[in-house]
Every structure is written in C-alpha cells, then in structure tokens.
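Please look at the structure below with its sequence beside it, and keep both in view while reading. The report goes from one side chain to the wider architecture, and then to the pairs of rings and charges.

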Amino acid sequence: MVVSSEKEQRSLVVRAKLAQPVLPSGYVSRRGPLEKLDILAQQKLTLIGAPMGYGKTALMVEFAQEKSAEGCLVSWLAIDEKDVDLVRFFRHVVAALGGFDEELAVGMEAASEGLGLWSGPKRGEDAVVVIGNLLFEALPFGKPCYLLIDDYGCPEQRGIDELLLRLCLSTPSDFHVVFASSTFSWALQSDACRLGFGCLVAEDLAVTFDEARQMMQAACDESPSDEALAKAHECVEGWPQGLMLVARTLSGARSAHDVRLDGSLVGVRRYFEVHIARRVSGDLLSFMLEASVFSAPV
C-alpha cells in the first residue's frame, strides 16, 4: 500500500506502541514502589518521573500485570519523539483506549472520522469531548480502567499536555492515567494540580539494600559479600541501572576495594556514550567527563 499524503502518514497507528513489554528474566519485583504506585494511581493522574535507568517502564509493566490479574481494564501506549504531532499522538491514544473494548474502539474511530475532529482549529478539544463521552458510555461502571503511557514528555508537547489533562477531566471516575517520563514540564505538573495527582520520583524508585542483594543474586555467578554489596549500593545511590552496570565486578567480590563504577568498565563507557554523550556537547560534556563517575580513573 502506498501512503499518498502527509495526513495519511500522520494517521497511521504503530501497533508495536500498544504492546505491553515483557519483564526480563530474573527481574526482581519492586514491592515498595509498586505499593506506592497502587495508592497514587487511585487518583485521576499519576506521574512517574525519574532519570533513565530507574526502572520506570518495568514498574509500570509489573503494575499492569497486577491490575489485570485483579480484573481491571489496562491499556498500554509507548511514546517517541515523532508523537509530538497532535494528530499522530491522539490517533495512538484512541487506538490504546480501544484496547479496553472492541466496540469502544470502533465507536471512537467512527466518531472522530465522521465529525472531522482531526481538522480545524478546535480539532483537539472536540476530539477530547467525543472520546470522554464514549468512555462514559462504554466503560463498565465500578471497574477501574488504567491507561499507561510510557516515555511521555517533550518540550514541544505543551498543546498535548493541555488536551490530555482535559481528557482526564472528561472521563469517568474509574478511569485513571499513569505517565512515565524522564522529564515532565513544570507546566504539566502545575496544571495537573487541579486534578489531584500523585507523583513518584527517583527517591521513590531507589533500590534498597535488600533489593540490591536480590538483583545481584540473579545477575552474578557468585553472590558478593555484604561488604562489597554495601559499597556498590553506596556508589550507585539507589540507581538500579548503575547497580547492573557494576554487577560484573561484583560477582564473587569479597571486599569493598573490589567494587568499581567508572569508565574502566566497558558497560559503563557504552552506557555513557549511548545515553549521555550523544545528547550533550561542548563545555557541558567536558565538565561531565571531568566530574562524572563515568570517567576512567587516573
């Protein structure tokens, strides 16, 4: 099939974005953050905001699995940089909401197409009203429904922020939205206050010593001593990804002196190059290379 116009390109739905990820083998359940999320997600809107490597996606997957097991309706949507386009973004939101109910999916698509809601100056506002009304009609009363949006957040998404908040205001009381992002705009957090919202941050997602022990038991051929593990836990300051980066040096480690988290480790260098160095440049990169634990030891 040949896509003939920009409008058609923007309307395409990438089905992979609607597929809930699978937890990796050996994943250690994060009961503390999960219990906090379970409480906060009873509100309309919940934000999970922490830097890369804090396990935001895995936490949402675990949450989704538990809610599905409880009989709740759960739908998943992953976002990327291309979704700053309003039409493209809400096409994917409509598709994700369709995961609750097949008839709901058909109804939303038909309504949005029939009323021309994706064109004109009020396209977003009108679409939100229609979607909200259809959710009221289609979702079962008294059954919690969760829309989980992963990797949300972009400086260019101000208009999308506003419409998503309006959507939350237009939906049934049993409908809840959970966002995960490395960065949320202050505007979004400020506007979300009128809804009543909860927020999990890096401190809430930090790995405890007991969780670190479980993670190393799964990741290491030979578990490290408590002394070595305590040193590693102190070095990473609760950062889950950091603990996994240092895991190779921890296998069988007996002393705190055996623990390293610096640029001498191939995994650390690659993580820095892929996730950090490509995103910054100039003086900031020079400063980071001088001051960061990622720098190779002198």
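With which side chain does the side chain of Asp150 make a polar contact? The partner is Thr57, whose side chain makes a polar contact of 2.7 Å with the side chain of Asp150. This distance, like every value that follows, is computed from a predicted model.

**A buried acid**

Asp150 lies in strand S3, and although Asp150 is buried, it has no salt bridge. The nearest side chain of opposite charge belongs to Lys56, which is 6.8 Å away, whereas a salt bridge requires a nitrogen and an oxygen within 4 Å of each other. Leaving aside residues up to four places away in sequence, Asp150 touches Thr57, Met60, Trp76, Leu77, Ala78, Ile79 and Ala180. Thr57 therefore appears twice in the description of Asp150, as a residue that is touched and as the partner in a polar contact, where a pair of N or O atoms must lie within 3.5 Å.

**The overall build**

The protein has 298 residues, of which 44% count as buried, and it contains 14 helices and 5 strands. Among the contacts with a separation of 6 or more, 78% are between residues 24 or more positions apart.

The largest nonpolar core has 43 residues, and the members that touch the most other members are Leu37, Ile48, Leu148, Met216, Leu243 and Leu250. One of these, Leu243, touches Val207, Ala212, Met215, Met216, Ala232, Val236 and Leu250, again not counting residues up to four places away in sequence. A second core, separate from the largest one, has 38 residues and includes Leu97, Leu134, Leu135 and Leu195.

**Aromatic pairs**

A pair of aromatic rings is described by two values, the distance of the centres and the angle of the planes. The count for this structure comes to 4 aromatic pairs. One of them joins Phe63 and Tyr146, whose ring centres are 5.3 Å apart and whose planes stand at 90°, an edge-to-face arrangement. This pair links distant parts of the chain, since Phe63 is in helix H3 (residues 56-69) and Tyr146 is in strand S3 (residues 145-150), 83 residues apart. Phe63 has a relative accessible area of 3% and is buried, and Tyr146 is likewise buried, with a relative accessible area of 4%.

Why is the pair of Tyr152 and Phe179 stacked? Their ring centres are 4.7 Å apart and their planes lie at 15°, so the pair counts as stacked, because planes under 30 degrees apart are placed in that class. This pair also links distant parts of the chain: Tyr152 is in the loop between S3 and helix H7 (158-169), while Phe179 is in strand S4 (residues 175-181), 27 residues apart. Both Tyr152 and Phe179 are buried, and ring pairs link these two residues with Phe89 into a cluster.

**Salt bridges**

Side chains of opposite charge can pair when their charged atoms come close. The structure holds 8 salt bridges, and the table gives three of them, including the distance from N to O.

| Salt bridge | Distance (N to O) |
|---|---|
| Glu211 and Arg30 | 3.1 Å |
| Lys36 and Asp204 | 3.2 Å |
| Asp226 and Arg213 | 3.1 Å |

Glu211 lies in helix H10 (residues 209-219) and Arg30 in the loop between helix H1 (6-11) and helix H2 (31-40), so this pair ties together parts that are 181 residues apart in sequence. Glu211 is buried at a relative accessible area of 7%, and Arg30 is buried at 8%.

Lys36 lies in helix H2 and Asp204 in helix H9 (residues 202-205), so their salt bridge ties together parts that are 168 residues apart in sequence. Lys36 is partly exposed, with a relative accessible area of 38%.

Asp226 lies in helix H11 (residues 226-236) and Arg213 in helix H10, so this pair ties together parts that are 13 residues apart in sequence. Asp226 is partly exposed, with a relative accessible area of 44%, and Arg213 also counts as partly exposed, at 27% relative accessibility. Elsewhere, salt bridges that share partners join Asp38, Lys67 and Glu70 into one network.

Technical notes
Residues numbered from 1 in each chain as written. Predicted model: local features only at pLDDT ≥ 70, side-chain atom pairs only at ≥ 80, totals over all residues. Heavy atoms only, no water. Phe/Tyr/Trp six-rings, centres within 6.5 Å; stacked < 30°, edge-to-face > 60°. Helix = DSSP H or I, 4+ residues; strand = E, 2+ residues; numbered from the N terminus. Buried < 20%, exposed > 50% of the residue type's maximum accessible area, 1.4 Å probe, protein only. Lys, Arg positive; Asp, Glu negative; His and termini not counted. Polar contact = N/O pair within 3.5 Å; in protein donor to acceptor, adjacent residues only side chain to side chain. Contact = heavy atoms within 4.5 Å. Core = buried A, V, L, I, M, F, W, Y, C linked by side-chain atoms within 4.5 Å.
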